[in-house]
Amino acid sequence: MVEESPPPPPTAVLWSFIRLAAPSLGFSTRQYLQDRRSWLRRYSALFGLSLDSTWDVWDIIKSNFHAAKLSKIHLLWCFYFLKVYPTESQAAATFSTSETNWRTKVDAVLTILASMDQICFEDRWVNWDILAPSMYVDGVDIPVPESRPLDTGLFSHKFKHAGYRFQVATAIGISRIVFIGGGTPCGLHNDLDQVQKTVLLDLEEDEQVAADRGYVGDVRMITKLKGSSPDIIKHNKNWNLLGSRHETVNKRMKDFCVLAGLFRGRRERINLIFTAVAQITNVKLRREPLFDITSRLIF
C-alpha cells in the first residue's frame, strides 16, 4: 500500500528557512537555486531532516513558539544540536550567539518538540486489523558515561557499557511510531520487563506484539521460532520482514548523533531528548515512509 505524502509546504515559509540556514551551510540562497540537490543534501546532513519536513514540524509547533517568544532560527539551533551534537562553545560560535543563549533556547525548543503529540497508540490499526501481531517493538539502548564506582544497574549487554534503555513500537500497516517508553538504566530492567510494565498493559484481548528473542517469556509476545516445519518457516519469514522494517526506524532515530554516541548531558534530560527525537522521526516518516511489507506477509 502506497502511503500518501503531505502537500508541499508554502513557498514563503520554505524560503524563510532557506535564508536562515544558508550562513551555517556555507551555501548562499543563490546556490540553492543553482544546485538545489547539493544544497538540500547539506541541509539534511546538518539539521537531520529535509526542508519539507522542517516545515511539517514548524506547522505543528508554531503557535507554541510564538507563545514562548521563540523563532524559526531557534528551531534550526535545536535540530543542529540533535543532529550534530556539538559542544556548547562550538554551537554558539557556529550561530554567532552566546553559550547561555544557545543553551536556554535549545532547552525551550526541546520541551516543545517533545510535546508535539505525534505518537498515537491507536495508529497501530491504520490499514491493519490483525491482532497477532498488531505491531513490532524493540529496545533502544543509549550509552551514557560510566559511574564511579561502576554501577551494574546501568550496564547494557548490547554495547558492554553504561546506558539507558527505551522501547519503541511501530505500526505494521503504516509508517508510524505508535509507542515509546522506558528510559530507565539498562541493568535494572530487561526488554521484556519494560514492555510488561508499559505497552503490554494497554493491549486488547487476544492482541499480541512481535519482537526479537529478547522478549521470550510472555504469551503476548510473538518471537522467532526454532524449527524447519512449513508453518515455522512461514512464521519466521514474517518475523524477519517485521524486524528489518523496524530496524529502519531505529536507524533513523540514531541518525541524530545525540542518540548515536555517548550521551554527555545530564541523565535526567535523556528522556526529554529521546522523546523529542522520536516525535521528529514520526513527522519525518510522513514524507519518507518505510518500505511496505503488508503484501509480503503470509497469515
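In the predicted model, the charged side chain of Arg42 is positioned over the face of Phe27, at 3.8 Å from the ring centre. A second arrangement of this kind involves Arg264, which lies over the face of Tyr85 at 3.9 Å from the ring centre.

Tyr85 also takes part in a contact between two aromatic rings. The ring centres of Tyr85 and Phe263 are 6.3 Å apart and their planes meet at 10 degrees, so the pair is classed as stacked, given that planes under 30 degrees apart count as stacked. This pair links distant parts of the chain, its two members being 178 residues apart. Tyr85 belongs to the loop between helix 5 (72-84) and helix 6 (88-94), whereas Phe263 belongs to the loop between helix 10 (257-260) and helix 11 (270-287). Tyr85 counts as buried because its relative accessibility is 10%, where buried means under 20%. Phe263 has a relative accessibility of 1% and therefore also counts as buried.

Across the whole structure, a search finds 15 aromatic pairs. One of them is formed by Trp39 and Tyr43, a stacked pair with 6.0 Å from centre to centre and 15 degrees between the planes. Both residues lie in helix 3 (residues 36-47), where they are four residues apart, about one turn of the helix. Trp39 and Tyr43 are both buried. These two residues are also members of one aromatic cluster, which is formed by Trp15, Tyr32, Trp39, Tyr43 and Phe47.

Terms used: Residues numbered from 1 in each chain as written. Predicted model: local features only at pLDDT ≥ 70, side-chain atom pairs only at ≥ 80, totals over all residues. Heavy atoms only, no water. Phe/Tyr/Trp six-rings, centres within 6.5 Å; stacked < 30°, edge-to-face > 60°. Buried < 20%, exposed > 50% of the residue type's maximum accessible area, 1.4 Å probe, protein only. Lys NZ or Arg CZ within 6 Å of the ring centre and 35° of its normal.
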